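Hi,

Here is the model I promised to pass on. Have a look at it first, and then read my notes below.

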Amino acid sequence: MNITENPLWTGPPFQRKNDQGKVELMKERVNFSRNAEISLKNKNLQRNLDYSLTLSNKKRNELVETFPEWEEMRSHAAQLRTHVVENLEKYLREFSDNATQKGLQILWAKDATRACELIAGTLREHHVSRVVKSKSMLTEEIDLNNYLSKQGITPIETDLGEYIAQIASQKPSHITAPISHLSRQEVASIMSENLGIRYTEDPAELTSAARRILRSSFLSAEAGISGTNFGLAREGSLVVVENEGNARLSISLPPIHIAVMGIERVLPGLADLPLLLTLLTVSATGQRISNYVSIINSPSKQGEPDGPEKVFIVLVDNGRTEILRNVKYRPILNCIRCGACLNICPVYRKVGGHAYGSVYPGPLGAVLSPVLFSRTQYRDLPYASTLCGACTEVCPVKIPLHHLLLDLRADNVQSSARPTVERIMFSIFGLICSRPRLYRGLEKIIRCLQPLIRSRDGGLFIPGWSKTRYFPGLAPQSFHAQWQSEKMENNDISL
Amino acid sequence: MTSHSDKELILTHIHEALTSNVKKECPANIVPFSRTVTVQYLTDCLATQCSLLKTHFTLSVTFAETIQAVVEELRRIAAPSIGIFLDHNHWPIRAESDFRTFFNEFEYSCFHPEETLEKTQRTESLSRLDVAITGVEALIAETGTVVLGANRADGRLGSLLVPRHWIIASETQIVATLEDIFPAKGFQIDLDKNSCLTLVSGPSRTADIEKQIVIGVHGPLEVRIFLFQSNPTAH
């Protein structure tokens, strides 16, 4: 078992199929408890997470209260997303046919490698050396930036948070608020050191510096890459949601637009958009609607003064059809990536996104990472939860996240992935419990020995456990013994 | 039994009371009540949402008064460079010459829908502008949103590259909800005519640094809606 020295996760671990078609793991197993321990000691991280996530939840909750029909909206959306996933083939075919008819070019990628190759190939074909990118978790998932850099193509992140993460060589720690782990002081030093601007802790000034610097990148880029929030099957259109205007610039200024889209992100049609859009933005940022919602229908049309000449949609599978095969975990494909479950999760709020060692952190990531990437690599993540169910309650499409976490734990137990120590301990425990005389004998011995293993808090000292938790010792007399003596004392009183 | 006799008693009393007197005038049939959403109401909703989104909102009676408000605002900010993206469908005055009387004191340029500038040249000229004045396809009251189609004089970039985006629109262009602009509810914006449809709700913003909202990131720093009440076609 390898212990990650630095909990700040430095690259997306994903599986790749080698020439023999065997799955190769790119990274070691993520040691969540070790990562969490490091995060918990980081006072600065604790302060940043607490501050920004409390604010996010507050904004979301206040806005949800203004929707009397919120629960009905959730139920409807849950049914709609399930309907889409259950009929994915039909909707994907429809989406692809209609998009192609409108002049959008569809490229299909079965895995991360293929997606990267297709994107880099398309860029090379159009002699692109600089590409602007708007926020997309899928491009993080397929590790596109790394791939493009190796191919001599410079990817420039343009979402403010992503841009700051990129210049600091860090990975986003949240799916919608990439740098919620950083304080304004940290952002100020990152920007002044890497961009040569004056040190200032004023977010407005930092933002305007980024605007100035990135504007020239937008103007000089030969292509733009964006993510996709929804694909509309009936219309063959793409929907991109954002606040900063960087996605609009990325998909409007350069002559080439490449949209990367997970195959599960389709909706039947435009009529379904208002509901899903509202659920998404309210849950993600506590906004009634995002600042900018772009519905892309085609490349620039005859008579339009601007817009890209070519639009490509890269439809990425990368493990999604594998999830589809397993009915139990299919609901995770309903996810619309709002990030509300991250904000509310008591575990995420303490450890932050990097501790999960995956592109997808939080309750969503704890379910998605093992089933999408690797069960062994992300074996720990289903335990990164208190099972309080807050994630399930907050999910706008009602994914039963904490039930799925339990299912994953059950899978771990049933597979050999269970640690040897745990297996031996439980078989001994079972052996003792099924033999009453042995049980009572051992109980007496432990009761006599327990003063020797007292911890400072008065409980028992259990290595590993007692560092952060209290383990109550055995009572001076067992319940069984107490019952017997009570009965003897009161045997003249009939109950 | 008593209850039954009471029923007959009460109903008989009602019958007697109503037949022994003169009948009041009333309609024979009543249709279910349906609330009509007035333009006034939609305008109020839009104004409220705009204030939440930090979109400036000005309401005038006529188009001429709206232009006057625009001119006053231009004087206030002393903007040196103005781009007017003519909206042939929704503005009562269409020709460039019509604007001369209003804007002669400023340095302005007009962009026509049919005009085709070379792309880099257009980007450059847009980058020099301080204010972009455009029309819209529709406005959404519930969310304070304006709907922009790419197949217009401003295209995709006219409302994006310029730091101040000012919108001149008619009150008749307001719809109630997001659902109303999509085909399900009938009000149909022709998707196929536009390569891109953009819903804009307020100036661009970010909250990436410590959740503090900063207005004006990559898109416009300021959005103003100048609404006029009179129907442009009646002009």
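**What I found**

In chain A, the C-alpha centres of domain 1 and domain 3 lie 34 Å apart. Keep in mind throughout that this is a predicted model. The domain assignment splits chain A into domain 1 (15–59 + 322–414), domain 2 (87–318) and domain 3 (420–489), so domain 1 is written as two stretches of the chain.

**Chain A overall**

Chain A has 495 residues, and 47% of them count as buried. Its secondary structure comes to 21 helices and 12 strands. Taken along the principal axes, the C-alpha atoms fill a box of roughly 100 × 55 × 55 Å. If you look at contacts in chain A between residues at least 6 apart in sequence, 73% of them join residues at least 24 apart.

**Where the two chains meet**

On the chain A side, 51 residues are in contact with chain B, which contributes 41 residues of its own. Which elements of chain A supply at least two residues each to that side? They are α2 (43–64), α8 (160–167), α9 (184–195), α10 (203–220), α11 (246–252), α12 (273–285) and β11 (292–296). α10(A) gives the most, with seven residues. By type, the residues on the side of chain A that touches chain B divide into 24 nonpolar, 18 polar and nine charged.

**Two helix pairs in chain A**

The first one to pull up is α16 (residues 362–372) with α18 (residues 401–414), both in chain A. They pack at an angle of about 40°, with their axes 9 Å apart. Angles under 35 degrees would count as roughly parallel and 65 to 115 as roughly perpendicular, so α16(A) and α18(A) are oblique to each other. α16(A) passes α18(A) in a left-handed crossing. From α16(A), the residues involved are A:Pro363, A:Leu364, A:Ala366, A:Val367 and A:Pro370, and they meet A:Leu401, A:Leu404, A:Leu405 and A:Leu408 of α18(A). That contact divides into nine nonpolar residues, no polar and no charged.

The other pair is α3 (residues 70–86) of chain A with α12(A). Here the axes come within 10 Å and cross at roughly 115°, and α3(A) also passes α12(A) in a left-handed crossing. A:Met73, A:His76 and A:Ala77 of α3(A) make the contact with A:Leu275, A:Leu276 and A:Leu279 of α12(A). The residues of this contact divide into five nonpolar, one polar and no charged. Note that α12(A) is also among the elements that supply at least two residues to the side of chain A touching chain B.

**Single residues worth a click**

Two residues of chain A have a positive phi without being glycine. A:Arg337 has a phi near 60° and lies in the loop between α13 (320–325) and α14 (340–344) of chain A. A:Lys398 has a positive phi of about 55° and is in the loop between α17 (390–394) and α18 of chain A. Are these two buried or partly exposed? The cut-off for buried is 20 or more other C-beta atoms within 10 Å. A:Arg337 has 19, so A:Arg337 is partly exposed, whereas A:Lys398 has 20 and is therefore buried.

A:Gly262 sits in strand β9 (residues 256–262) of chain A. With 22 other C-beta atoms within 10 Å, A:Gly262 is buried. Leaving aside residues up to four places away in sequence, A:Gly262 touches A:Leu138, A:Val316 and A:Arg320. A:Gly262 and A:Asp317 are 55 residues apart along the chain, yet their C-alpha atoms are separated by 6.4 Å.

Over in chain B, try B:Asp130, in the loop between α5 (119–127) and β4 (131–134). B:Asp130 has 16 C-beta neighbours inside 10 Å and so counts as partly exposed. Which residues does B:Asp130 touch, not counting those up to four places away in sequence? They are B:Ala79, B:Pro80, B:Ser81, B:Ile82, B:Pro163 and B:Arg164. B:Arg164 is 34 residues from B:Asp130 in sequence and 6.2 Å from it in space, C-alpha to C-alpha.

Cheers

Methods: Residues numbered from 1 in each chain as written. Chains lettered and ligands numbered in written order. Predicted model: local features only at pLDDT ≥ 70, side-chain atom pairs only at ≥ 80, totals over all residues. Helix = DSSP H or I, 4+ residues; strand = E, 2+ residues; numbered from the N terminus. Buried ≥ 20, exposed ≤ 12 C-beta atoms within 10 Å, placed from the backbone. Contact = placed C-beta atoms within 7 Å. Axes fitted to C-alpha atoms, helices over the stretch in contact; angles between N-to-C directions. Parallel < 35°, antiparallel > 145°, perpendicular 65-115°, else oblique. Left-handed = near helix turned anticlockwise from the far one by under 90°. Nonpolar A, V, L, I, M, F, W, Y, C, P; charged D, E, K, R; others polar.
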